[in-house]
Every structure is written in C-alpha cells, then in structure tokens.
Amino acid sequence: MKYYLLSVLLAFFFSVNLVFSQCLDFAKEHCKPKLENYIHDGNYNGVVLNKDEEVELHKAFFSGQKYRVVVGCEDDMPTIHFKITDSDLNLIFDNEDSNYTDFFDFELDKAKTLIISLDFVKNEDTESEQKSGCISILFGLKL
C-alpha cells in the first residue's frame, strides 16, 4: 500500500511538472517575442485555463515606467478576453474594445497594484476548439 501511494504521488508530481514545463516553453517561444523592444521582467506567468473559468493575477506597477502586458494562448484555443483594473476595480483596459488584441502598453501616474482578469470569449462557437489550455501573461518594461 505504501509503494502504491508513493507511485501515485510521483506520477502526479511528474504530470504537473510536465504541464508547467509545456506552458513555460510556450511562453518563451510564442509570447516573449511579442514584448518586442520591452525588457522582460523575468517572470513566466502561466496557467491552464478551462472553458468556463476566469483567473486573476495581481501585480504591482510603478509610476514613471512604460509597461507592456502580453497575453498569449495556444493556437487551437478560443480567443482570450482580458481586462486590467486597479485595486478599486476601476477599468483601465479591456481588450474587447480593441478587437481582442493580445497586448497592452501603458504608463501609470502613481504606483498601483493592478488586476489582470482572463477568460475565454463567451459568445464564440468553441465546439471545434480545445476546452482548456496554456495561457501565458508576460510583462515587459521600457528603460
């Protein structure tokens, strides 16, 4: 029984590690080039998003700095809808208003913690597309 439990735990660990490394590879190969002339902050934020889920990422940003947020997903997934709000839930950006672009450039007048919310576009026909997959969010800054 002890060996069975140990083998189940090892299998779970390796499967989680495999999914994370696939998301990391996807972010490095497909999303990082979209930062263009912005310097990557070194963090690879990735998540496996399911069709009916919404995820949020909270991140601190500083005044006087130009930033780019890049949101990427695998090719055979539905379109990603992302919004950026401040901690008071004031809307800063909604990619729905920009034809579901996958990046946003901005500069803040004072330091703030921003919330990046992600989900799939609800009104798309997603029958032929994946129901879940890797979503990456990368941040870059301009010096």
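Me: What makes Y100 partly exposed?

Reply: Its relative accessible area is 26%. Buried means under 20%, exposed means over 50%, and partly exposed is in between, with a 1.4 Å probe and protein chains only. So Y100 lands in the middle class. Keep in mind that this is a predicted model, where local features need pLDDT of at least 70, side-chain atom pairs count only at pLDDT 80 or more, and totals for chains, interfaces and linings use all residues. Residues are numbered from 1 along each chain as its sequence is written, and side-chain values use heavy atoms, with hydrogens and water left out.

Me: What is the phi of Y100, and where does Y100 sit?

Reply: Phi is about 55°, a positive value, although Y100 is not a glycine. Y100 is in the loop between β6 and β7 (103–107); strands here are DSSP runs of E, at least two residues, and helices are runs of H or I, at least four residues, numbered from the N terminus. For background, most residues other than glycine have a negative phi.

Me: Why is L89 called exposed?

Reply: Because its relative accessibility is 63%, and that clears the exposed cut-off. L89 also has a positive phi, near 65°, and belongs to the loop between β5 and β6 (91–94).

Me: How do you know that D86 has no salt bridge?

Reply: A salt bridge needs a side-chain nitrogen of Lys or Arg within 4 Å of a carboxyl oxygen of Asp or Glu. The nearest side chain of opposite charge to D86 is K112, 4.2 Å away, so the pair misses the cut-off. D86, in strand β5 (residues 80–86), is buried all the same.

Me: What does D86 have around it?

Reply: A polar atom of the D86 side chain lies 2.8 Å from the backbone nitrogen of N90. Leaving aside residues up to four places away in sequence, D86 touches I92, K112, T113, L114 and I115, a contact being heavy atoms within 4.5 Å.

Me: Why is C31 not in a disulfide?

Reply: The closest cysteine sulfur, in C134, is 7.5 Å from that of C31, too far for a bond. A disulfide takes a pair of cysteine sulfur atoms within 2.5 Å. C73 is in no disulfide either, as the nearest cysteine sulfur, that of C31, is 8.3 Å away. By this rule the count is zero disulfides.

Me: What makes C31 buried?

Reply: Its relative accessible area is 1%, so C31 falls in the buried class. Across the protein chain, buried residues make up 34% of the 143 residues.

Definitions and conventions:
Lys, Arg positive; Asp, Glu negative; His and termini not counted. Polar contact = N/O pair within 3.5 Å; in protein donor to acceptor, adjacent residues only side chain to side chain.
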